[in-house]
Amino acid sequence: MARRAVVIGAGLAGMLAAAALSGAADEVIVLDRDDLPDGPGHRKGLPQGRHAHLLLAGGLAAMEDLVPGVSMRRTLLAAGAHDIPLGSGIVSHTPEGWFRRWRHDGPRLLACTRALLDWAVRTAVLDHTRVELRTAQVLELTGRGGRVTGVRLSTPAGERELDAEFVVDASGRGSRVPHWLESLGVTDIPERTVDSGLVNATRVYRVPEGAERFPLTIVQADPYANRPGRSAMVLPVEGGRWMVSLAGTRGGEPPADPEGFLRYTLDLPDPLVGRLISGAEPLSEVHLSRSTHNVRRYPEKVRDWPEGFVVLGDALAAFNPAYGQGMSVAALGARFLGEEVRRGGLGAAGLARRAQRGAARSVDAAWAMAAGQDVWYPRTRGGRPNAADRLVTRYSRRLTKAATGSYRAASTLWDLTSLTAGPGRLLHPGTVLAVLNGPLLPPLQGPPLTVEEWRVLRALERGAG
């Protein structure tokens, strides 16, 4: 009998999960209710796709492990993505001051539209693995005896059952997994939501002549100021464009009108983003998105978790997108699934539980960063800082402060935020010493721009005037 695996959802997490299963299954079928674009276009079921996304070094490494023989880095760079070193290629204003730009590049991230990334991953998986994509809506899971055995789905031809030895739910924030499992007798999946009320507003601009190499620019929100968080990012993407994404928590939401959009950037703790875009040509209207809360399910804590079923991606944990880690966490979870499948095969006893626990570990650090900071904003729903949050925050703020003037502290932050190191790095003796020593250099009084970058900025302001 052929070994079939089914993946629910053809987004990033779903396609990577399909790649993880393809070496052990005779047939891998990915089901999605949307008609997917033939190229790098926006899809109806992903409203957040119009906003800024970052592919971190840890996530990129996981992707390349999942699709052997394909360099996702080369593929994306050839399509116009930007390769950005954390150490020298970002200008960032933080609640603790400006980060320096060091000579050492550190880990790198890729910047492009989510549409391009999804298309590149989907194409690579379909071209290099035995994965089939079908349009269908999953209605429920089927199962018996403590095992998921397939799905019931709806197609234009009617409803039918599709048997499978293994099923992955990668259907995103809107996953119906609690309802699906309840019909199989699995109830009370623990869940936590932390909702800062964040709203994203994004507008695309043409990169002005001469500004093609201007660094990725960020003005970060301050979770600790007892007022709504407000932030902005200028992200270079393919096609000679800047994607400018604003974010504001409850009470500080960015507006949708173009004039208000610009005013918002100029009223931030530093007006650098507004100064940049004041002289740039807009190519789109302002797009708003409100589905940005942090939500985490804990299936790894369910005692009677069924065999043959795993939850990955946003269906497992969805993050406030301001932290830029969701895609990379999904890739790490899929890679762990692939490692477990290669080790014992699809039918190995306990595979689902081991894979689910491993995926949960890949979520831990990102959840601590996103939910652990969002609880500090006023009017956040879903919890307030507890004693542990206060202790962790005190240490992480001291690390961030040290990173404004200490290379050792900065390199630790790069590794943590790029997911190339785990939380244990925080307690490494070198890190602790850097935190105790604090910044070794005086604070910067303004953005760390080169002479040429200052020239570009002033030219843009003159053009706007």
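**Figure 1. Three strands line up as β13-β20-β22 in an open, antiparallel sheet.** This close-up comes from a predicted model. β13 and β22 sit at the edges with a single partner strand each, so one side of each is left without a neighbour in the sheet. Helix α9, spanning residues 351-374, packs on this sheet and touches β13, β20 and β22. The direction of α9 makes about 145° with that of β20.

**Figure 2. Strand β20, residues 294-297, is covered on both faces.** Look at one side and you find N294 and R296; turn to the other and you find V295 and R297. Each of these four residues is buried. As for neighbours in the sheet, β20 pairs with β13 (residues 191-194) in the antiparallel sense, over four bridges. β20 also pairs with β22 (residues 317-318), again antiparallel, this time over two bridges.

**Figure 3. Zooming in on the bridges made by β20, with R296 as a landmark.** On the β13 side, R192 has R296 as its bridge partner in β20. Over in β22, the residue opposite R296 is A317. V295, for its part, stands opposite A318 of β22. As general background, strands of a sheet pair through backbone hydrogen bonds, and they can do so in parallel or antiparallel fashion.

**Figure 4. T193 sits in strand β13 and is partly exposed.** Its relative accessible area is 31%, which falls between the 20% below which a residue counts as buried and the 50% above which it counts as exposed. Leaving aside residues up to four places away in sequence, T193 touches H293, N294, V295, R381 and G382. Two of these contacts, N294 and V295, are residues of β20. For a sense of distance, try R144: T193 and R144 are 49 residues apart in sequence, and their C-alpha atoms are 31 Å apart in space.

**Figure 5. A second open sheet runs in the order β9-β10-β11, with antiparallel pairing.** The edge positions belong to β9 (137-144) and β11 (158-163); each has a single partner strand, so one side of each is left without a neighbour in the sheet. Neighbouring strands here are turned by 25° against each other on average, direction ignored. Between β9 and β10 (residues 147-155), the antiparallel pairing runs over seven bridges. If you want a residue pair to find your bearings, L141 stands opposite V151 in β10.

**Figure 6. V138 in strand β9 is buried.** The relative accessible area of V138 is 9%, and the cut-off for buried is under 20%. Not counting residues up to four places away in sequence, V138 touches I8, L31, V151, R152, L153 and W180. Among these contacts, V151, R152 and L153 fall within the residue range of β10. Now follow the chain back to R33: V138 and R33 are 105 residues apart along the chain, yet their C-alpha atoms are separated by 7.9 Å.

**Figure 7. T393 is found in helix α10, residues 387-403.** Buried or exposed, then, is T393? At 9% relative accessibility, T393 counts as buried. The side chain of T393 reaches the backbone oxygen of D389 at 2.7 Å. With residues up to four places away in sequence set aside, T393 touches Y224, G372 and W376. One of these, G372, falls within the residue range of helix α9, the helix that packs on the sheet in Figure 1.

**Figure 8. Stepping back from the close-ups, the whole chain has 13 helices and 22 strands.** The radius of gyration is 22 Å, close to the 23 Å that the globule rule gives for 465 residues, so the chain is as compact as a globular protein of that length. Taken along the principal axes, the C-alpha atoms fill a box of roughly 70 × 45 × 40 Å. Buried residues make up 56% of the 465 residues. Of the contacts between residues at least 6 apart in sequence, 73% join residues at least 24 apart. The accessible surface of the chain comes to about 20000 Å², and 50% of that surface belongs to carbon and sulfur atoms.

How values were computed
Residues numbered from 1 in each chain as written. Predicted model: local features only at pLDDT ≥ 70, side-chain atom pairs only at ≥ 80, totals over all residues. Heavy atoms only, no water. Buried < 20%, exposed > 50% of the residue type's maximum accessible area, 1.4 Å probe, protein only. Pairing = 2+ DSSP bridges. Axes fitted to C-alpha atoms, helices over the stretch in contact; angles between N-to-C directions. Contact = heavy atoms within 4.5 Å. Rg over C-alpha atoms; globule rule 2.2 N^0.38 Å. Areas by Shrake-Rupley, 256 points an atom, 1.4 Å probe, with all protein chains shown as cover. Polar contact = N/O pair within 3.5 Å; in protein donor to acceptor, adjacent residues only side chain to side chain.
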